[in-house]
Structures are given as C-alpha cells and as structure tokens.
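Thanks, everyone; I would like to take a few minutes to walk through one model with you. Please have the sequence and the structure open as we go.

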Amino acid sequence: MDTIYYCPACGTKNRVAQEKTGLKPKCGKCGTSLAGAALAGRVNTLADSDFISHVQQARVPVLVDFYSPTCGPCQRLAPVLESLAARFSGKLIIYKINTAIEQAHAARFGITGVPTLIFFRQGQEADRIVGAMPEEDLARRIQAFLG
C-alpha cells in the first residue's frame, strides 16, 4: 500500500511505497524533503514552527482547525474533519493546531474560542468558522471555498 504526501514546497502529490517511507523521501517534482509533509486524506497535526512552510507557502488550499483537546465540540468535530479530509483529498489539506500547546498562531489570528476553523488560500486567510457544525454543512462551506 502506498502513502500519499503533499510536498510542503510545491504542493505536488507524491506517492511513496510503504516499504520506502522510512528512507527520507523527496518530492518528485522539486526535490524538497517530504519529512513532516502532510499526509493526503488525513488531518495532520501542525506546530507553530511549521506554520509558514505548511500553510502560508502551501500551493493548495488549506483548512486549519484551532482546537483544544479538552473541548467537547472539538472532540466531536475531530472525526468529521477526518472524514472531510478523505473526501476532499487532493483538493484541500487539513491541519489541526492544539491551542493549549501551540499558542503563537492562535494569538496571531485572534483565536478566542475553539474550535475555530480558518481557510487559507495562497497563504492568506479567506474564511473563518467559529464553533462546530454538522458534516454536510461544513462540506458545503468547503465546496464553496474551493469554488
């Protein structure tokens, strides 16, 4: 079974054979290391230190979930986001940032309540949702964002 990674530099989808995932794979298009690259079809954990390279420099649309592990609505939203990550694989990368640990970008974007979902296009905030919502409603918002 192959694993699909998005290159953090150029956004290209890269297929890496399961037996080669431990070999420091590189992007087939631009040669950038895929260490720490986003897994396609999954919600990826993001640290403040990786925000610029993974979100602001991303060549594909990004959705960031600012959450807290102790937040009930955040816990209920997590499987919804996993489902949507699989559903929109190849069109959207979804990251999550734990605001209890990673506070720099939560402060930068004025996150005062969780969950807060921020949509980014070409590194710029394009839309924001505060609070949880049903999967189909969120899917419609994502579809509208993607155009």
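Let me begin with Cys71, which is buried, because its relative accessible area is 11% and the cut-off for buried is under 20%. I should say at once that this is a predicted model, so please hear everything that follows as computed from it. Cys71 is found in the loop between E5 and H2, and, if we leave aside its neighbours within four places in sequence, Cys71 is in contact with Val114 and Pro115. In the same part of the chain numbering we also have Gly113, which is 42 residues from Cys71 along the chain, with 9.9 Å separating the two C-alpha atoms.

Now, is Thr70 buried or exposed? Thr70 also lies in the loop between E5 and H2, but at 71% relative accessibility Thr70 counts as exposed, whereas Cys71 is buried. Thr70 has a partner of its own to mention, since the C-alpha atoms of Thr70 and Ala100 are 9.1 Å apart in space, with their positions 30 residues apart in sequence.

From that loop I would like to move to the helices. The axes of H2, residues 72-87, and H4, residues 135-146, come within 10 Å and cross at roughly 45°, which makes H2 oblique to H4. The crossing is right-handed. On the H2 side the contact is made by Leu77, Val80, Leu81, Ser83, Leu84 and Arg87, and on the H4 side by Glu135, Glu136, Leu138, Ala139 and Ile142. Sorted by type, the residues of this contact are seven nonpolar, one polar and three charged.

That brings me to the cores. Which residues touch the most other members of the largest nonpolar core? They are Phe51, Val55, Val62, Val64, Phe66, Tyr95 and Phe120, in a core of 19 residues, and the elements giving two or more residues to this core are helix H1 (51-56) and strands E5 (62-67), E6 (93-98) and E7 (116-121). Taking Phe51 as one case, and not counting residues up to four places away in sequence, we find that Phe51 touches Leu46, Gln56, Val64, Phe66, Ile97, His105, Arg108, Phe109 and Phe120.

Apart from the largest core lies another, of 17 residues, which includes Val43, Leu77, Val80 and Ile142. Of these, Leu77 and Val80 of H2 and Ile142 of H4 also take part in the helix contact I described a moment ago.

How values were computed: Residues are numbered from 1 along each chain as its sequence is written. This is a predicted model: local features need pLDDT of at least 70, side-chain atom pairs count only at pLDDT 80 or more; totals for chains, interfaces and linings use all residues. Side-chain values use heavy atoms; hydrogens and water are left out. Axes are lines fitted to C-alpha atoms, for helices over the stretch in contact, and angles run from 0 to 180 degrees between N-to-C directions. Helices (H or I, at least four residues) and strands (E, at least two) are DSSP runs, numbered from the N terminus. Angles under 35 degrees count as roughly parallel, over 145 as roughly antiparallel, 65 to 115 as roughly perpendicular and the rest as oblique. A crossing is left-handed if the near helix is turned anticlockwise from the far one by less than a right angle, and right-handed if clockwise. Contact means heavy atoms within 4.5 Å. Ala, Val, Leu, Ile, Met, Phe, Trp, Tyr, Cys and Pro count as nonpolar, Asp, Glu, Lys and Arg as charged, and the others, Gly among them, as polar. A nonpolar core is a set of buried Ala, Val, Leu, Ile, Met, Phe, Trp, Tyr and Cys residues joined through side-chain atoms within 4.5 Å. Buried means under 20% relative accessible area, exposed over 50%, partly exposed in between (1.4 Å probe, protein chains only).
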